[in-house]
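I opened this notebook to keep a record of what I looked up, beginning with strand pairing and going on to helix packing.

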Amino acid sequence: MDTEQTFETASDYIAAIMRRNRSPAEDWSLKPDWADQPRMHNVYPGVTPIPLPAAQVALASLEESLTRQVPENGGAFTMPMLYEMLRDSYAYGGRRLAVTVNDDTVALPHYPHAVWSRGTASGGGLYPLEIYWVCGPGGPMLPGVYNYSPAQHGVQRLLIGDVTSQVRQAIAPAAAAGDQFLLVTVKFWKNAFKYEAFSYHVVTMDVGTALGTWQLWSRAAGFPLRPLLNFDEEALNRLLGVRTHEESVFAVVPLPCGESPSPEGRPELRVTAVPRERSRTVVRHPAVERVHASTVTTSLPGDSPAERLKVARPGHGGGRGDGIKLADPLPLDATVRKALRGRRSSFGRFSAQYSLGQAALAAVLRAGALGARLVSDVKQPDGTPELTRLAILANHVDGVPADAYDYDVATNTLLPLGVGVSTSFLQRNYFLNNYNMEQVAAVVTVLARPHAVIAATGQRGYRFLNAEVGAAAQAMYMAAAAANIGCGAALGFDNVSYAEHMDRQRDLSGDDDDQEWPLLIVMLGHERQKAPDFHFRLS
């Protein structure tokens, strides 16, 4: 089937993605040219990164970040906080080597193939996001636009001049105190070279992992940030000098710091610096470009996307009868910084020698539910996210029979679905060779109604949804690190089989708005003890 005639909108795309293993729209046996892969961060010829100064910002525990009430207007977000937030979330933090069953294990010991760990997760470890800092007159550097360099933990100056009024105009009518902004873009080739048409599904979740990290970090610092996902995307792309089909702004994060906003009506400026591409051959994917174009041009007049998203809330699942009240969640006493530095994917290191305790499971589930706070003004009173919910397939959990369960964060309860679960089902419906599903203690599924979200908000709603999925995954990764258990998120599973197994009464032949789909799985459990490992920290 010709993918260029298949994906015209996000609605078409998500329908094909959910069924890609039953009705493949393309050859999914991808063979990326790793020798010609793109860089993992921008490099500008003639531009020397300016190192960001070291700062000592005390952070609260992950437990406090997830659960305490933090006023949104409680003070100023300082520049030292920005420096440390970027370091903890996206800078190269160190190099890790371990004996796993992942495909890249043979290559990683060789320095040219080294993989540098970061606090924020990324699909395939590819890190397709770029971070730009728009600094106004109240900042510590010359007003202008800077690109963050994670390898040097520094910024590359791309433009001199106050462009904060252009950003404020693009995000209007959103309130934006201060004159500092972070613009988060996706560079499509950095992910598409490996995942091709599947890449858009991956990168839209990557945006959520970064924003989820920043929300947890800033809450731990006492001054929560609120990312914006709806704005004039083309105007910001013009400011950055990028072409929308190659790179595009997916999120704006106003930083409540700096002086009062500068006057409007200044001359329009734009970045002219162009990063040097490492790949000799850059392949365009017209299908992905059309899907992205459908989300860029979506107009959301009148009421806010948050108001529209209220009608797209997920259902309550099929769990009925007496639930299993889990043990109180394990307190996540590690600081947010320590959790970020400890975060990693388990990649086949799981061991069923010890079953997973209920307290650790409850802590990770609660983190996943509370961590998805991107659309903060449509949360329910109990703090649950509006676009996603969690369910689990229990395999080796203390006091929990092997079965599928809906999770209720308000009561810390598992509601049985009564459909059972087997390791053969889990392994048969996972398509990579980097996890032994029989050894996994529990598989968490992040569920949502993607067609209802798109129907309520337009095509851009698909990005809102996947960002929340990514934020939930990042929170679970951090909670697992704080609880000292293994964790691994994956998209390589049969969505239809999972949906059929967890709701055997549902007809999956159509794409009606009520249809609920598993969008991501997160595997949990203990890892093998005393396994060989190497970890070299840069910071």
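Before reading any partners I fixed the term: two strands pair if DSSP finds at least two bridges between them. I also kept in mind that the model is predicted.

**Entry: a pair of strands**

I looked up Thr445 and found that its bridge partner in strand 15 is Ile521. I then went through the pair that strand 15 (residues 517-525) makes with strand 13 (residues 442-448), and I noted seven bridges between the two strands, which run antiparallel.

**Entry: the sheet around that pair**

I followed the order of the strands and wrote it down as 9-12-11-10-13-15-14, an open sheet of seven strands with antiparallel pairing. Because strand 9 (324-325) and strand 14 (486-490) each have a single partner strand, they stand at the edges, and one side of each is left without a neighbour in the sheet.

**Entry: helix 6 with helix 14**

How do the axes of helix 6 and helix 14 cross? I read an angle of roughly 55° for helix 6 (residues 199-221) and helix 14 (residues 461-482), with the axes coming within 6 Å. The two helices are therefore oblique to each other, and I recorded the crossing of helix 6 past helix 14 as right-handed. On the side of helix 6 I listed contact residues including Tyr200, Thr204, Gly208, Gly212 and Leu216, and on the side of helix 14 residues including Tyr462, Arg463, Ala467, Gly470 and Met478. Sorted by class, the residues of this contact come out as nine nonpolar, nine polar and one charged.

**Entry: helix 4 with helix 7**

I turned next to helix 4 (residues 164-171) and helix 7 (residues 233-240), whose axes come within 8 Å and cross at roughly 160°. Since angles over 145 degrees count as roughly antiparallel, I entered helix 4 as roughly antiparallel to helix 7. The crossing of helix 4 past helix 7 is left-handed. The contact is made by Gln166, Val167 and Ala170 from helix 4, and by Ala235, Leu236 and Leu239 from helix 7; I counted five nonpolar residues, one polar and no charged residues in this contact.

**Entry: the whole chain**

Last, I took the totals. The protein has 15 helices and 16 strands, and buried residues account for 59% of its 539 residues. Of the contacts between residues at least 6 apart in sequence, 81% join residues at least 24 apart.

Key:
Residues are numbered from 1 along each chain as its sequence is written. This is a predicted model: local features need pLDDT of at least 70, side-chain atom pairs count only at pLDDT 80 or more; totals for chains, interfaces and linings use all residues. Side-chain values use heavy atoms; hydrogens and water are left out. Helices (H or I, at least four residues) and strands (E, at least two) are DSSP runs, numbered from the N terminus. Axes are lines fitted to C-alpha atoms, for helices over the stretch in contact, and angles run from 0 to 180 degrees between N-to-C directions. Angles under 35 degrees count as roughly parallel, over 145 as roughly antiparallel, 65 to 115 as roughly perpendicular and the rest as oblique. A crossing is left-handed if the near helix is turned anticlockwise from the far one by less than a right angle, and right-handed if clockwise. Contact means heavy atoms within 4.5 Å. Ala, Val, Leu, Ile, Met, Phe, Trp, Tyr, Cys and Pro count as nonpolar, Asp, Glu, Lys and Arg as charged, and the others, Gly among them, as polar. Buried means under 20% relative accessible area, exposed over 50%, partly exposed in between (1.4 Å probe, protein chains only).
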